[in-house]
Structure formats: structure tokens, C-alpha cells
Amino acid sequence: MTARPHIAYLDQNKWVELACAVKSPASFPAQHALLKAINREIDAGHLVLPITATNIYETHKINDPERRHELAVLQATTSRGLVFCGRYRRLEKELNDLWCVLFDQPHIVHRPHWFLSNIFFEAFADIGDPRMTDLCLTEETINILRADPIRPLYEYLVALSEDVRVEAVKKFTDGSEDLRQRIEKRRCQHAGESLALRRKIQSALLMINENELILAFANRAGFTWKSIGEIGDANVRRIIEEVPTYYVEREIALRLEAETRPIEENDFRDMQSFCAVIPYADEVIGEKHFVNLARQANLDKKYETRLSTNILDLAESLERLGATMEPPNSG
């Protein structure tokens with residue numbers, strides 16, 4: 001017997017499917033039965049269903065207040081306010097683990113499920129992220145958020161003023177368009193090159209773009225490097241290969257750029273989620289396109305993550321959970 005809960009991630013369309021089952025059980029009987037089973041296993045401590053920044057954003061941008069409320073209630077209560085942590089926290093932990101391997105330092109023991117947070121905005125930026133300094137969060141405020149994580153998530157999704165909500169969505173869209181144009185330009189430049197060569201190019205560009213962040217994390221860990229070159233060429237290559245967030249990002253980007261269709265804003269959000277969940281979730285249920293990209297890159301095998309496009313496949317996992325697991329010890 002094991003008390004370790006099963007961690008599953010649902011793409012936004014799957015949450016919408018469950019919301020339809022809540023509203024119209026007779027029209028979606030299988031999904032409605034699945035939702036009851038989900039809640040039962042969550043209550044038993046067998047299952048956690050965290051959401052990502054992408055889920056939050058896509059719910060936040062729904063213009064119909066009633067639809068946004070229905071989805072927000074479902075996501076906030078079913079996730080129990082749990083989110084997959086943002087890129088910043090994951091990268092620092094992943095890089096610190098790599099430093100230990102490369103330089104024979106004692107292995108770092110992380111808290112269980114360190115990649116999850118019950119403070120919803122950590123899906124975007126960790127409390128320790130320098131980008132969060134303007135929030136001036138006190139320890140008391142943080143404790144209040146942790147004490148009741150469901151309510152702050154729900155209120156963020158439905159209670160912001162319309163002006164603030166619309167402006168936040170616009171900023172993300174504008175930023176995505178700038179990135180899309182850069183990627184399309186790079187795609188044209190490297191069209192026709194082999195996968196192996198494009199992988200080398202992508203790795204080099206990733207290291208250039210991440211140079212300052214990697215050095216900042218290294219300095220915080222006690223290394224005094226002033227440039228990436230001081231880490232050593234062989235070690236630099238291992239950063240991309242052995243840091244899960246970078247590896248997933250590179251491999252999906254390579255296959256996305258190899259397609260002939262134009263890259264869309266949704267692609268960036270899906271990639272953001274897959275980088276967060278594939279290395280850490282036991283099960284990922286997503287839309288067909290990105291699940292296929294992940295399978296092509298063998299990410300499911302590398303990280304031992306079950307990939308599916310059908311939310312009803314989760315029922316099989318829940319049946320196994322009910323048969324093989326017992327609730328975690330509350331002590």
C-alpha cells in the first residue's frame with residue numbers, strides 16, 4: 001500500500017467537458033459519473049488535480065461572466081486551489097539538483113510535491129521571484145492564502161474588475177504575438193535543416209536566452225561563475241539534456257516549428273503547461289495535437305507519464321487507485 005496520491009493534469013478543454021457535465025448531467029452521463037469519482041478519490045487523498053497558469057489564463061479570458069463563474073467554481077474546488085508551480089521555481093530546483101550531480105555535492109532533499117503550490121499566483125511566479133517584489137506580501141497574508149486556497153483562486157478568476165481583466169488578457173496576447181513573430185522568422189531561417197542540426201541550434205539559442213537566469217540561480221547556490229563558459233562546455237550541454245523544463249521546451253518547440261501550419265497563441269500556452277506537467281504529473285490528458293508532439297519526442301517514456309486525449313481514460317486510473325491505495329496518514 002502507498003499513500004502517494006496520483007497527480008493528473010487536465011487540459012482546459014477537459015475542464016470545459018466536466019463543466020458541461022455539471023450543468024447538464026443527462027447530456028454527459030459518463031463525464032458526470034467521472035466527476036463524482038474524481039471528487040471521491042480527492043477526498044480520500046488518492047488523487048490531486050492541480051491546474052496550471054494556462055488553465056487560469058484561459059478561464060480568466062472568458063468574457064461571459066456566467067460561464068466564467070461555472071468553470072471557476074469547478075476548477076477552484078476540484079483542484080483544491082493547487083497549482084503547478086511556474087517556470088522560475090521549477091528551474092531553480094532543477095538546476096540546483098543538476099549542480100549536485102555535476103559537482104559531487106550532497107543530494108538536495110525537497111519536500112514532497114515541491115512542484116505544487118496552494119497559492120494560485122505561484123502558477124505564474126514564485127514568491128521568491130524578483131518579479132514579485134512589488135506585491136509586498138507579508139507572512140500573515142501568505143498564511144491567510146494558504147489557509148483557504150480555494151477562495152482566492154475563485155475570486156481572482158471572477159472578481160477582478162473588467163478593465164483589469166481585459167488589460168491582463170491583452171498584455172499576454174501582445175507578448176505572445178512578439179514571440180510568435182520571432183519564432184516564425186527562425187523557422188524560415190532553419191527550414192530544411194535536419195532535426196539534429198535544429199536541435200543544436202535550439203539548444204544554443206535557449207542557453208543564450210537563459211544565460212542571465214542560469215547564472216543568477218548558480219550564484220544563489222554558491223557558485224561564482226560570471227559567464228556560462230565557466231561552467232564548462234560538457235556541463236552546459238547537460239543543462240539542456242537534464243533539466244526537465246528546458247528539455248521538454250526544446251523537444252516540443254523542435255516539432256512545433258517543423259510543422260507547416262502557422263504557429264498560434266494557443267501553442268505557447270499549451271507548451272507552457274506541458275513543460276510544467278509532463279515531468280511531474282502521473283497522467284496528462286490533453287488535446288490531440290500536443291499529446292502527439294509529446295509522444296513523438298518520447299516525453300511520456302522519458303518521464304513515465306501517461307498521455308491521453310480522452311478524459312474518460314482517467315476513470316481507469318481511478319479504478320486502480322480505489323483498489324490499491326489507502327488514504328495518507330494525517331499525522
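Helices here are DSSP runs of H or I with at least four residues, numbered from the N terminus. The model is predicted.

**Exercise 1. Place Ala315.**
Task: Find which helix holds Ala315, and state whether Ala315 is buried, partly exposed or exposed.

Solution.
Step 1. Ala315 sits in helix α15, residues 314–324.
Step 2. Its relative accessibility is 26%. Buried means under 20% and exposed means over 50%. Ala315 therefore counts as partly exposed.
Step 3. Take Glu177 as a distant reference point: Ala315 and Glu177 are 138 residues apart in sequence, and their C-alpha atoms are 38 Å apart in space.

**Exercise 2. Find the buried side of α7.**
Task: Which residues of α7 are buried, and what covers them?

Solution.
Step 1. Helix α7 spans residues 150–159, and Pro152, Leu153 and Leu157 are buried there.
Step 2. Check their directions around the axis. The three cover an arc of only 130°, so they lie on the same side of α7.
Step 3. Turn to the face pointing away from that buried side. Arg151 and Ala159 are the exposed residues there.
Step 4. List the cover. It includes α3 (53–60), α4 (65–79) and α6 (139–147).

**Exercise 3. Describe the packing of α11 and α12.**
Task: At what angle do α11 and α12 cross, and which residues meet?

Solution.
Step 1. Helix α11 covers residues 244–258 and helix α12 covers residues 265–277. Their axes come within 9 Å and cross at roughly 145°.
Step 2. The crossing of α11 and α12 is right-handed.
Step 3. From α11, the contact uses Thr245, Val248, Glu249, Ile252, Ala253 and Leu256. From α12, it uses Asp267, Met271, Phe274 and Cys275.
Step 4. Sort the contact residues by class: seven are nonpolar, one is polar and two are charged.

**Exercise 4. Analyse the salt bridges.**
Task: How many salt bridges does the whole structure have, and what does the pair Glu122 and Arg89 tie together?

Solution.
Step 1. Start from the principle. Side chains of opposite charge can pair when their charged atoms come close.
Step 2. The search of the whole structure gives 21 salt bridges.
Step 3. In the bridge of Glu122 with Arg89, the closest N and O atoms are 2.9 Å apart. Glu122 lies in the loop between β4 (116–117) and α6, and Arg89 lies in helix α5 (residues 87–102), so the bridge ties together parts 33 residues apart in sequence.
Step 4. Check burial. Glu122 is buried at 2% relative accessible area. Arg89 is buried too, at 13%.
Step 5. Compare a pair inside one helix. Glu251 and Arg255 both belong to α11, four residues apart, about one turn of the helix. Their side chains form a salt bridge with an N to O distance of 2.9 Å. Both residues are buried.
Step 6. Add Arg261 and Asp267, whose side chains meet in a salt bridge at 2.9 Å, N to O. Arg261 is partly exposed at 26%, whereas Asp267 is buried at 3%.
Step 7. Look for shared partners. Arg199, Glu241, Arg250, Glu251 and Arg255 are joined into one network.

**Exercise 5. Inspect two backbone angles.**
Task: What is the phi of Asp104 and of Glu304, and where does each residue lie?

Solution.
Step 1. Asp104 is not a glycine, yet its phi is positive, about 55°. Asp104 lies in the loop between α5 and β4. With 72% relative accessible area, Asp104 is exposed.
Step 2. Glu304 is not a glycine either, and its phi is positive at about 55°. Glu304 lies in the loop between α14 (299–303) and β6 (306–308). At 70% relative accessibility, Glu304 is exposed.

How values were computed. Residues numbered from 1 in each chain as written. Predicted model: local features only at pLDDT ≥ 70, side-chain atom pairs only at ≥ 80, totals over all residues. Heavy atoms only, no water. Buried < 20%, exposed > 50% of the residue type's maximum accessible area, 1.4 Å probe, protein only. Arc of directions from axis to C-beta. Contact = heavy atoms within 4.5 Å. Axes fitted to C-alpha atoms, helices over the stretch in contact; angles between N-to-C directions. Left-handed = near helix turned anticlockwise from the far one by under 90°. Nonpolar A, V, L, I, M, F, W, Y, C, P; charged D, E, K, R; others polar. Salt bridge = Lys/Arg side-chain N within 4 Å of Asp/Glu carboxyl O.
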